[in-house]
Amino acid sequence: MDKIKINDEFFDIMPPEYQELVEEATYGKEDRGWKDVGVAKELIEEHSLCAGCPESIAFRYVLACLPNPQDTVMVGSTGCTSLVFPHVAIHNIHSLFGNQNAVASGLKRTLALRFPDKVKDVVVLAGDGATVDIGLDMTLQSWFRQEKFTTICFDNELYANTGGQESGLMQKGFVGKMAPAGKKFDKVPLPEIARDSGCHYVAMMTVSKPNRVEKAIRNAILVAREIGPTYIQLYTPCILEIGKQMMEGLQEMRDSEGPGKRFEFKEYISDEAKVFLDEVDAERKAKKKALRAARA
């Protein structure tokens, strides 16, 4: 796997942070994953989000679980997530509010034409306002067209970075700082809409269980690469807007998942995607078995 290298003649004049990134990054490491968070510089050493924000750890998990990070382009939108992209060592595009799936559609098709012999993954990462409210039309149209990329929604159940306005994914009855009348109807069931709109892999969860997040992100990207659109919805509560302290984000997520709760784990896989993922799993197990035999 090719990695970025610094020309020997220019190595000494490059910033030490860049030297370290090129030499120590986990890109190319086949078993990279969420366990590299905390030791890998490219998995957000620093960020500009609020202290204790669950989005920061969710972002790290997503970056750590990308199967092909050096050839992945992420498309973001206006929102808290856009504050993090300048700190990550991965190709990314900031789109206008809500049109991230339209931008990703054109990007994915262009990359396929420009690099026909190379795998190039495209991943959309946006908040619930961009995905469900302002950008719902473009989100759905990309699914209807069977565009081959993954859409990840950081669901914090309101417009967090503009003061707490109501969003379509806000829970019924919640009173926000800028929504004093309270939400009058239930959360928009976007996972079910995604399934019925042609997505081949759909999952909804909190980010309190990193193993589950890692598996879902990888499944979604691999299925999108080979078959068609996929969707992941992750609960990343805004601790400021729901009145929590910076150490309470993880517990808020744990309290919101489980049977009957609004973030009960959901996973939908199309028949075509099931066959494909079974093949991937069998290939992975065979590879591990061969490695063990070689070491024996």
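## Pro 189

Pro 189 is partly exposed, because its relative accessibility of 42% falls between the 20% limit for buried and the 50% limit for exposed. In this predicted model, Pro 189 sits in the loop that runs between β4 and α6. The C-alpha atom of Pro 189 is 8.1 Å from that of Leu 169, a residue 20 positions away along the chain.

## Two residues with positive phi

The loop between β4 and α6 also holds Glu 157. Phi of Glu 157 is near 65°, which is positive although the residue is not glycine. Most residues other than glycine have a negative phi. Glu 157 has a relative accessibility of 5% and therefore counts as buried.

A positive phi is also found at Gln 146, where the angle is near 60° in a residue other than glycine. Gln 146 comes just after α5, in the loop that leads from α5 to β4. With a relative accessibility of 30%, Gln 146 counts as partly exposed.

## Helix α5

Helix α5 covers residues 136–144, and its buried residues are Thr 139, Leu 140, Ser 142 and Trp 143. Viewed down the axis of α5, these buried residues lie within an arc of 160°, so they line one face of the helix. An α-helix has 3.6 residues a turn, so residues three or four places apart point the same way.

The buried residues of α5 pack against several other elements. The helices in this group are α3 (100–114), α4 (128–133) and α6 (190–196). The strands are β4 (150–155) and β6 (230–235).

## Thr 150 and Tyr 201

Thr 150 belongs to strand β4. Its relative accessibility is 1%, so Thr 150 counts as buried. Apart from neighbours within four places in sequence, Thr 150 is in contact with Val 122, Val 123 and Val 124, with Ala 220, Ile 221 and Ala 224, and with Thr 230.

Tyr 201 belongs to strand β5, which spans residues 201–206. Tyr 201 has a relative accessible area of 0% and is therefore buried. With neighbours within four places in sequence set aside, the contacts of Tyr 201 include Ala 216, Asn 219, Ala 220 and Val 223. Pro 229, Thr 230, Tyr 231 and Ile 232 are also among them, as are Glu 267, Tyr 268, Ile 269 and Leu 277. Ala 220 and Thr 230 thus appear in the contacts of Thr 150 and in those of Tyr 201. Tyr 201 and Ala 130 are 71 residues apart in sequence, and their C-alpha atoms are 20 Å apart in space.

## The chain as a whole

The chain contains nine helices and seven strands. Its radius of gyration is 19 Å, close to the 19 Å that the globule rule gives for 296 residues, so the chain is as compact as a globular protein of that length. Along the principal axes, the C-alpha atoms fill a box of roughly 60 × 50 × 40 Å.

Of the 296 residues, 49% count as buried. Considering contacts between residues at least 6 apart in sequence, 65% join residues at least 24 apart. The chain exposes about 14900 Å², and carbon and sulfur atoms supply 54% of this area. The chain carries 38 positive and 43 negative charges, and the mean positions of the two sets are 5 Å apart.

Methods
Residues numbered from 1 in each chain as written. Predicted model: local features only at pLDDT ≥ 70, side-chain atom pairs only at ≥ 80, totals over all residues. Heavy atoms only, no water. Helix = DSSP H or I, 4+ residues; strand = E, 2+ residues; numbered from the N terminus. Rg over C-alpha atoms; globule rule 2.2 N^0.38 Å. Buried < 20%, exposed > 50% of the residue type's maximum accessible area, 1.4 Å probe, protein only. Contact = heavy atoms within 4.5 Å. Areas by Shrake-Rupley, 256 points an atom, 1.4 Å probe, with all protein chains shown as cover. Lys, Arg positive; Asp, Glu negative; His and termini not counted. Charge placed at Lys NZ, Arg CZ, Asp CG, Glu CD. Arc of directions from axis to C-beta.
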